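Reader: I should like to go through this model with you. May I put some short questions?
Author: Please do.
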Amino acid sequence: MKARGVIDKGDEYYAYGSVLEALSQGLYPDRKHILREFVQNAYDALGDLRRQSPHTELEPVEITTSAPSLIIADKGIGMSGETMRRYRYLGFSEKRASSHAGFRGIGKFSAISVCDHLIVRSSMLGDTKSYQVQIDASGMLKCLQDEKNPPLETLLRDYSQISEKAEEAELHYTFVELHGIRKDARELLDENIIKPYLIQVAPLPLDPTFAYAKEISSRLQQVDPRFMEVELRLNRKPIYKPFLENASRPEFKEVFVKDGSSELIAFAWFCQHCGKGQFRELGDGESQGMRHPYSGLQYRLSNFAIGDSMLTRKTLWQTTPERAFYFFGEIHVLDPTMVPTSDRDEFEDSTARKRLYDRCREVAATLSFRAGLESRRQRFAEVVTAGQQLVADTQAELESGKLETELREDKDYQVRRLLENVSKRLNKSGRSRSKEDKVVRRAKQVIRRAERLRRTLKADDAGQGHFLDISKIIKMDAKTKAVYDTIIRVLHEEFRSEPQRFATLVRKIHRALREDVAC
Amino acid sequence: MLKRPQRFTTNKQVVRDLQCATIREHLADRLGRLSYFGLPSSSLEDVVQWNPLLERITAVERGEPRCEWIIQNELLLNAFRLGISGKLTLLRGDIDHVLINGSDEFGAKPDWPFDIVSLDYSGGLFYRDSAGQMLRLEAIKQLFHRQADSLASDFVLFLSFNLDQIDQHEVRESIKVIERDLKRFGRAAHTVIEAYLAHPREQARLKLYVMNLVAQLASQSQFDSLSESPVFYSGNRRTEMMAFRFLLKTSARTFAPRSPKERLNAMINRRMIEVVGGTQHLTNLGLPLIKRE
């Protein structure tokens, strides 16, 4: 009912074409998100099929780049004639955020910014017809340019059409072709670009060669009612979520709404790097040694990625953020009130989001602490190994009488530093001794040997022959020896911060003296 | 409006069965791993029937002018509906151009070589481009080159076309050359050739012309062509159609220019198969045979 005084002719248009243009071009600055939009629809259709027919084996989603087309096809439940009719509507969707990955009914129109024709053919399970919606995207955009912003209604009606044909009742599918991909969106036809993207965002199964893939999948199915993984074939080849080598077996962490509650809001799984520090790229390419792109944790909603591992790093790791990449894994968000942003780079701002991040920060803090412990353990093992080497080398030099007297002081200093370092780390390792028993045993052995070594280094060498005294070898007189000792003392001072260089210098002087003076 | 799917006659199904028999006979050691290149049409009936034998399908579809994507879309959709999309690659454009240029309109290249090549033309064999070049004959020549360059094993070639717009001059001149070659072989073939030239049905002359043409072109790329009985039948809308089947065997002989291995008299004496109402029978259309001397 209209309020009194309202002037409404009833034939006015309330929305114009530029809305569509803004939506289609502005919704996804990253063109790859357009692909994700259709993949989402495919997974929703498969989810609906599973709900309706739980024992049906789901077939892979197929994505094919066939220049100039990008094709996304699924054998999900398919769409009825009515749903297909509404497919042409902007912003209309029967899906619900709580049960479907896509739900706004806008994303499909993002395709009109990248292709000339959008063709969608679908047949619903049990229907004896298939329906085809065809959107003339290039015609729409041309009309927008030529006719100076026509009404949205006119644009959608004039440049989309629906047709039907007979189909076998047992066939059910949706086949989407983005035909005539434009030059500025050619990345959508490049397998080398869309494959890593899909690996990162799509709800794929974990790589079956990952030993714990089934265990993780099974746990997720138990806790997440929206969790689904279906194989996806890109240009006829299956692709999977990757895993990283040299990682611990997975651990699982339930995140409850609050302490003492049984209401789950997230479920995390993660594997920790068994090596030192972050997961890094191996191989000999340009990226060698850089942080591995699959490291870190990723938020997942209905098994679709929300943001990348930088989002969890940013939102959860308040201190030592680099430790986020000592792990790889996922945080599956179970809270039904959590809503992703349109581009799925984040969650929409809400109290639910704040609560999720707060609770997950506790997980991150635990992981960060463990990463710190592991890092310290690795460093401890490295120090012990280096100490063993130093003790063994010095011992060998002393036994063969090859340690120059000029280097005695430095060597003693090195061994003293080693003793301090190992003793300090040994004391600190108290909390995680059980994991470090082997290292601790080695550390204690190093300390014992280093103490013995120090005693030898400090002792009077009379008659022991542990040290190499050049003044005796070349028979320096007292005056010459005094001069020599002075020079060595000055050099030692000069190279105090470079003991290795000093040692090299001394050895060179020895060699020269032996060759020149002794002759 | 409901769009009618492309329909095939029962006669065409007989041809398809004969082709399948050819595949099974000659490529028995590779069944299930075969690669197909050709014009399966958007309904994909050939490749759906042969699907268990195939590992890889490269389909070429040019579509209708100015809305090429409609039929191409239908082909891809059908491949998906029928569960063969995992094997199928679509090349967009004219198959003759793909064979001659080595890529489709968008630069996609076939993954040579192939075990089965099916040139199931809906039009005639003697189609000329704007420059007057007989594209299809050139395309067949290029097919052999590309197969040879990619070290193809033995493969089968199916060649089908309608009898519209036959280049009478090309066919008749070729048959006269065949007569000369037969004389060189010491055959008194004049009577036989005259019978072919005077026969009221084009199928008679085309049988000889196409079998000889393929043998000649194949030999230039070191393939020996072995032909099977040509088939003629009435297709869609009663179009007169002919279908040829060849086994192309890689030759162990040197690369020196040479004549085809299949003898002309064997080609002449090869009976044809006429398919009527889905039933096949052998015929020589009343043409004389060349007797052994």
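Reader: What percentage of the residues in chain A is buried?
Author: Buried residues account for 34% of the 519 residues in chain A; a residue is buried if 20 or more other C-beta atoms, placed from the backbone, lie within 10 Å of its own. This is a predicted model, in which local features need pLDDT of at least 70 and side-chain atom pairs count only at pLDDT 80 or more, while totals for chains, interfaces and linings use all residues. Residues are numbered from 1 along each chain as its sequence is written, with chains lettered from A and ligands numbered from 1 in the order in which they are written.

Reader: And for chain B, what is the buried percentage?
Author: In chain B, 40% of the 293 residues are buried.

Reader: Why is chain A described as more spread out than a compact globule?
Author: The radius of gyration of chain A is 35 Å, well over the 24 Å from the globule rule for 519 residues, so chain A is more spread out than a compact globule. That radius is taken over C-alpha atoms, and the rule is 2.2 Å times the number of residues to the power 0.38. The C-alpha atoms of chain A fill a box of roughly 120 × 55 × 55 Å along the principal axes.

Reader: What about chain B and its radius of gyration?
Author: Chain B has 19 Å, which agrees with a compact globule of 293 residues, expected near 19 Å. Its C-alpha box is roughly 60 × 45 × 40 Å along the principal axes.

Reader: Turning to the interior, which residues have the most contacts inside the largest nonpolar core?
Author: They are A111(A), L118(A) and A266(A), in a core of 163 residues. Such a core is a set of buried Ala, Val, Leu, Ile, Met, Phe, Trp, Tyr and Cys residues joined through C-beta atoms within 7 Å. Helix α8 (residues 202-220) of chain B gives the most to this core, with 11 residues; helices are DSSP runs of H or I, at least four residues, numbered from the N terminus.

Reader: Now the interface: how many residues does each chain bring to the contact?
Author: Chain B brings 14 residues and chain A brings 20 residues, two residues being in contact if their C-beta atoms, placed from the backbone, lie within 7 Å. On the chain B side, helix α3 (residues 68-81) gives the most, with 6 residues.

Reader: Which residues of α1(B) are buried?
Author: Those buried in α1(B) are N11(B), K12(B), V14(B), V15(B), Q19(B), I23(B) and H26(B).

Technical notes
Helix = DSSP H or I, 4+ residues; strand = E, 2+ residues; numbered from the N terminus. Buried ≥ 20, exposed ≤ 12 C-beta atoms within 10 Å, placed from the backbone.
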